[in-house]
There are 2 protein chains.
Amino acid sequence: MSDTAPAREKDQRCRIIETAERLFRQLGFQKTTVSDIARELRMSPANVYRFFGTKSEINEAVARQIMGEIEAAAEKIASGPGTAAERLRQVIRTNESMSAERYIADRKLHDMVDVALTEKWPIVDAHVEHMGTILTRIVAEGMEAGEFARHDPLLMARLVHSACIRYCHPRLMVECCDYTEPSSDQMMDFCLAALKAGM
Amino acid sequence: MSDTAPAREKDQRCRIIETAERLFRQLGFQKTTVSDIARELRMSPANVYRFFGTKSEINEAVARQIMGEIEAAAEKIASGPGTAAERLRQVIRTNESMSAERYIADRKLHDMVDVALTEKWPIVDAHVEHMGTILTRIVAEGMEAGEFARHDPLLMARLVHSACIRYCHPRLMVECCDYTEPSSDQMMDFCLAALKAGM
């Protein structure tokens, strides 16, 4: 399979994204040029442009890759064992710790996220939507199992997501880092109380 | 009283702040100079500097004035009639509508808030703290009256405040304006369910 033309193309795209991500972490995403990426890969800039029409497309692809890792981890938890309450807590915890590793510890990647939020890159909305879908699925399963009171699962998931925005939103995470309380676990206890009681 | 020297001084300070706020709305806070403010008041820049050592002090005083209006409205609701649940809802609603008028409808004032958040002006923390104190008081009264389950009122108020951050935080309000759901009323229903059930 990996010898077919589409597979080779896909492999090339992946290598470009990986290299770009590494350079973004080292140099910052605004300072990294297409030439830098091409040089690292020992290819011509024209060859990079065969896969990505503009530098912006590379930026978006790197952002999608990073957010995709968080989505994949959340999907795995959602499909895994445990009560709906346990899985909900684990998704928010994992989102918080993975975002902290990626965007907070790494100031250079945080700069990219900051621009993505300010310029409203479409990938940001898509990521929020995807995470929302995962939360909705767990909430619906919790209602089905009798763990949570019956209500519109989409609305209840959006309420949990909004209530937990401090632990998911990279810019807020930086802004709120001096406010140690409430922790994401305390917020989850609060949300679970509302989900169980119903409204 | 208004003829005494301290009262005249206070009056002068107020006039400077009012004029600065008006110019900030017209010209933007970064484009407004101390000379502009002095000219409007038919006084010398040196006279303005008698009251405010730097332009930054004027900026902070204007921000304090605007946030103070929101705090005063919240205090009035907290001390007014109604159940704790009703007052809590009203404080968040009022915070949302007053912030929208001040920071969202008026893009020039929003620029100031944006800088205040980025540069972490101390007035921002003081405002969050003050709003938190008001919420804590209402939550404590609700527990006292048997409306809410007994728990640490400070923690529960912080949870409500964090859960409602989307409706209080000027930058998030702009960022989330395309997400119509959940509304602040829906979020308040959710928070009240948790407060009543306890955790």
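# Two chains meeting through helix H10

In this predicted model, H10(A) and H10(B) lie roughly perpendicular to each other. The reason is found in their axes, which come within 8 Å and cross at roughly 90°, and an angle from 65 to 115 degrees counts as roughly perpendicular. Where the two helices touch, Phe190(A), Ala193(A), Ala194(A), Lys196(A) and Ala197(A) of H10(A) meet Phe190(B), Ala193(B), Ala194(B), Lys196(B) and Ala197(B) of H10(B). Sorted by class, this contact between H10(A) and H10(B) comprises eight nonpolar and two charged residues, with no polar ones.

The crossing of these helices belongs to a wider interface, in which 21 residues of chain A are in contact with 21 residues of chain B. On the side of chain A that touches chain B, helix H8 (153-163) and helix H10 (184-197) of chain A each supply at least two residues, and the largest share, eight residues, comes from H10(A). Taken by class, the residues on this side of chain A are twelve nonpolar, three polar and six charged.

How are the two copies placed with respect to each other? A turn of 180° with a shift of 0.0 Å along the axis lays chain A on chain B with an RMSD of 0.0 Å, and that is the relation of a two-fold axis. The interface residues agree as well: 100% of those of chain A are also interface residues in chain B, so the copies meet through the same surface.

Helix H8 can be followed from the other chain. In chain B, helix H8 (residues 153-163) is mostly covered, since nine of its eleven residues are buried. These buried residues are Pro153(B), Met156(B), Ala157(B), Arg158(B), Leu159(B), Val160(B), His161(B), Ser162(B) and Ala163(B). Their packing partners come from both chains: they lie against H8 and H10 of chain A, and also against H5, helix H7 (122-144) and H10 of chain B.

Helix H5 (residues 84-104) of chain B, one of those partners, holds Arg89(B). Is Arg89(B) buried or exposed? Arg89(B) has 21 C-beta neighbours inside 10 Å and therefore counts as buried, the cut-off being 20 or more. Arg89(B) and Ala100(B) are eleven residues apart in sequence, and their C-alpha atoms are 17 Å apart in space.

Back in chain A, a single residue of H10 can be traced to H8. Cys191(A), which lies in helix H10 of chain A, has 28 other C-beta atoms within 10 Å and is therefore buried. When neighbours within four places in sequence are left aside, Cys191(A) is in contact with Val160(A) and Ala163(A). Although Cys191(A) and Val160(A) are 31 residues apart along the chain, their C-alpha atoms are separated by 6.2 Å.

Seen as a whole, chain A has ten helices and zero strands, and along the sequence these give the pattern α-α-α-α-α-α-α-α-α-α. The C-alpha atoms of chain A fill a box of roughly 60 × 45 × 25 Å along the principal axes, and buried residues make up 34% of its 199 residues. Among the contacts of chain A with a separation of 6 or more, 65% come from residues 24 or more positions apart.

The opening helix region offers another packing arrangement to follow. Helix H1 (residues 5-27) of chain A has 23 residues, which at 1.5 Å a residue should span 33 Å, and its end C-alpha atoms are 32 Å apart, in agreement with that figure. H1(A) is followed by Gly28(A), which has a positive phi near 95°. Buried in H1(A) are Ile16(A), Thr19(A), Ala20(A), Glu21(A), Leu23(A) and Phe24(A), and these buried residues pack against helix H2 (34-40), helix H3 (45-51), helix H4 (55-79) and helix H6 (107-118) of chain A.

One of these partners, H4(A), packs with H1(A) at an angle of about 90°, their axes being 9 Å apart, and the two helices are therefore roughly perpendicular to each other. At their contact, Ile16(A), Ile17(A), Ala20(A), Glu21(A) and Phe24(A) in H1(A) meet Ile58(A), Ala61(A), Val62(A) and Gln65(A) in H4(A). By class, the contact of H1(A) with H4(A) has seven nonpolar residues, together with one polar and one charged residue.

How values were computed
Residues numbered from 1 in each chain as written. Chains lettered and ligands numbered in written order. Predicted model: local features only at pLDDT ≥ 70, side-chain atom pairs only at ≥ 80, totals over all residues. Contact = placed C-beta atoms within 7 Å. Helix = DSSP H or I, 4+ residues; strand = E, 2+ residues; numbered from the N terminus. Nonpolar A, V, L, I, M, F, W, Y, C, P; charged D, E, K, R; others polar. Axes fitted to C-alpha atoms, helices over the stretch in contact; angles between N-to-C directions. Parallel < 35°, antiparallel > 145°, perpendicular 65-115°, else oblique. Least-squares fit on C-alpha atoms with pLDDT ≥ 70 in both. Buried ≥ 20, exposed ≤ 12 C-beta atoms within 10 Å, placed from the backbone. Expected span 1.5 Å × (residues − 1).
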